[in-house]
Amino acid sequence: MRFADLLGGMIVLLFGLSIVFFSSQLPYMSEYGPGPGLLPLWLGVGLAGCAIAIILKALKTPDKGEAFFKPRTRIGIQMLAMIVVAFLLLPLLGFSVGLALFTAVSMRIIGKHGLLMCALTFVGAAIGIHFIFGEWLSIPLPTGIAGW
Amino acid sequence: MDILQNLYMGFSISLTPTNILYCLAGAFIGQLVGVLPGIGAPTAVALLLPMTFSLNPTSAIIMFAGIYYGVAYGGTITSVLINIPGESSTVMTCLDGYQMALKGRAGAALSSAAIGSWIAGTIAVALLMCFAPALANFALRFGPPEYFGLALMSFGLLTVFGGDQPIKSIAATLMGVFIATIGLDVVSGVPRFSFGVPQLLGGVDFIVIICGIFGLTEIFNSIENPDEGNLIKQKMRLKDLFLTRAEWLASRWAIVRGGIIGFFVGLIPAGGITTASFLAYLAEKRLSKHPEKFGTGVIEGVASPEAANNAASISGFAPLLALGIPGSPTTAVMLAGFMMWGIRPGPLLFQNNADLVWGLISSKFIGNLILLLMNIFLIPFFVMILRVPYTILMGFIVVFATVGAFTVSNNLFDVWMMLGFGVLGYVMTKLKYPIVPLVLGLVLGRLAENSLRQSLMLSGGSLAIFFTRPIALLFMTAAILAYLTPLIQWGLKSLRPAAVKAA
């Protein structure tokens, strides 16, 4: 966790310094008063200052041995991967089918629910998404190769 | 007299069949959300907000208000029956509520929470009717320096209330304010931090961010840290829900005190319902003749924090409506809703949209009554809902979040942005950076920057404008004190061992 804090602090420091760099390319003052670069510049300075304080505190604090990656972090990463795949398939499958498929697959892989239950959820979710969001709320959800 | 006339007008709006239905829907959804793990009031409001584009704003805000105070009622059920808070505002209820359940008094714990919440909620609405218009009148005197001071004070209060790592709270706030600067600068028209991406010229939409942070981040956190507890299997009959005379006598003043504490804490920007319930519990314990019994199953330990969290959820609307400053993550999301509907909360809201304001205030009387009845007669139904596995719910949360992000501009780019913010929120939580300051920074960032620039234009670049106007000076002083509080506490802690050694 100490290492994670240090790494986090360095990322925030980098982020703050980047903001300072890009803000310095914007006008600090303008004809009518403060320019578009004023606040972002000081935000970047503030972030960099906070990051330095976080890094110093992490260096002084002994490691309490709290793990950054827990046993179930792997499952969270699995979920993230499934969401990414689902989003990549949305233009092909459409929202109704694509998201319903994601729901059923996540129930099966993460929740270990039975195949029948997942299949019924897929059908119900596809119909529900199409009719609730697409028809009732009139949201123009992209359709896929199935026309849904 | 004005207040009564306005209230009459409000009831004429909130008592229409449509608005009663929306109030009922909001209360029911709120209760459900409170019971279900991994979903909180900000998530529910964030996910439903995009669906309300075409709704009447008054009906929509009545529904969202119902969700907000309904959530605390629902969270009590899991606190009492499983010893796991359904909501952060019901953490304190676990201490005595679960102990009461172990002694066979789960019904009494739940009904004292429901009755206490209803009484405190009713008192809070009555106080809101007096405070909110007065606050709005006071806010008519605000100019850009006052608004900047208020925003800075809100950020500072978050540092004080925001947890045990104030420097990370400040960093998260600064990140939120930075994200609010992305896009075309409204004054000069210069693009900022869009890096040539046309979809970023309009800035990052708040709905996209909250769907990611309150939708996806919560899923990743809940998967990693599942709530596990043993549901107390106790058959609850209607007569089990009635308090004994001794229990009623022990809890009545706890309810009143909790309600008053909750109301005033909820008025403070960034105060929130969690802080209110915490402070009410501590106050009740301190005032009790038997403080050693707290934590063993005393009814005051349930009634007081429950009264406080409901009162705070109602008074939190005062800064939102009168000043345009949200008092909690949920009201921050509602502020986004107001902007979506083209309504600007603030002092003029009471003049320009009086029907919305008073319709909302009067609906809280109705919503609290609905929740009281729901909690007395529908407890077995909600206990049944407790058994729905999270692995079924999480897929549907992703569906709502994805559709919600897509509806912003019918663009898959926003869906990917939402995912990015979901991952950012998860990493922040892992590294113990609080999320709420990021959201508040995002919501108030534009207001803070515009107020700052207008103030400096007025003063010719001098910062003295923030310290020479009395109200602005008050806010700036409060902000500075808030930022200095962690340093003062750290200094006192460092001095204490030296003082002990010297003694």
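In which loop of chain A does A:K112 lie? A:K112 sits in the loop that runs between α4 and α5 of chain A, and this report returns to that residue after an account of the model as a whole.

**Confidence of the model**

The structure is a predicted model, with an ipTM of 0.93 and a pTM of 0.82. For chain B the mean pLDDT is 86, and 94% of the residues of this chain reach 70 or more. Among the elements of chain B, the lowest mean pLDDT, 78, belongs to helix α17 of chain B (residues 379-385), whereas the highest, 94, belongs to helix α21 of chain B (residues 465-468). As a general caution, predicted coordinates should not be read in detail where pLDDT is low.

**Where the two chains touch**

The contact between the chains brings 48 residues of chain A together with 44 residues of chain B. On the side of chain A that touches chain B, the elements that give two or more residues are α1 (2-23), β2 (33-34), α2 (38-60), α3 (73-93), α4 (95-109) and α5 (115-136) of chain A. Of these, α2(A) gives the most, with 9 residues. Sorted by class, this side of chain A holds 34 nonpolar, 11 polar and 3 charged residues.

**Two helix pairs**

One helix pair lies in chain A and one in chain B, and they can be described in turn. In chain A, α1(A) and α2(A) pack with their axes 8 Å apart and at an angle of about 160°; because that angle is over 145°, α1(A) is roughly antiparallel to α2(A). The crossing in which α1(A) passes α2(A) is left-handed, and the residues of the contact comprise 20 nonpolar, 4 polar and 2 charged.

In chain B, the axes of helix α14 (residues 329-340) and helix α20 (residues 436-459) of chain B come within 10 Å and cross at roughly 30°. Since this angle is under 35°, α14(B) and α20(B) are roughly parallel to each other. Here too α14(B) passes α20(B) in a left-handed crossing. On the α14(B) side the contact is made by B:P329, B:A332, B:L335 and B:A336, which meet B:V436, B:V439, B:L440 and B:V443 in α20(B); the residues of this contact divide into 8 nonpolar, with no polar and no charged ones.

**Residues with a positive phi**

Most residues other than glycine have a negative phi. Two loop residues with a positive phi are set out below, one from each chain.

| Residue | Phi | Loop | C-beta neighbours within 10 Å |
|---|---|---|---|
| A:K112 | near 55° | between α4 and α5 of chain A | 9 neighbours |
| B:N410 | about 50° | between α18 (390-407) and α19 (412-430) of chain B | 11 neighbours |

A residue counts as exposed if 12 or fewer other C-beta atoms lie within 10 Å of its own; A:K112, with 9 such neighbours, is therefore exposed, and B:N410, with 11, is exposed as well.

**A buried proline in chain B**

Is B:P166 buried or exposed? B:P166, which lies in helix α8 of chain B (residues 166-181), counts as buried because it has 25 C-beta neighbours inside 10 Å, where 20 or more are required. When residues up to four places away in sequence are left out, B:P166 touches B:T159 and B:P486. B:P166 and B:N450, by comparison, are 284 residues apart in sequence and 26 Å apart in space, C-alpha to C-alpha.

Key
Residues are numbered from 1 along each chain as its sequence is written. Chains are lettered from A and ligands numbered from 1 in the order in which they are written. This is a predicted model: local features need pLDDT of at least 70, side-chain atom pairs count only at pLDDT 80 or more; totals for chains, interfaces and linings use all residues. pLDDT is the predictor's confidence in each residue, from 0 to 100. Helices (H or I, at least four residues) and strands (E, at least two) are DSSP runs, numbered from the N terminus. Two residues are in contact if their C-beta atoms, placed from the backbone, lie within 7 Å. Ala, Val, Leu, Ile, Met, Phe, Trp, Tyr, Cys and Pro count as nonpolar, Asp, Glu, Lys and Arg as charged, and the others, Gly among them, as polar. Axes are lines fitted to C-alpha atoms, for helices over the stretch in contact, and angles run from 0 to 180 degrees between N-to-C directions. Angles under 35 degrees count as roughly parallel, over 145 as roughly antiparallel, 65 to 115 as roughly perpendicular and the rest as oblique. A crossing is left-handed if the near helix is turned anticlockwise from the far one by less than a right angle, and right-handed if clockwise.
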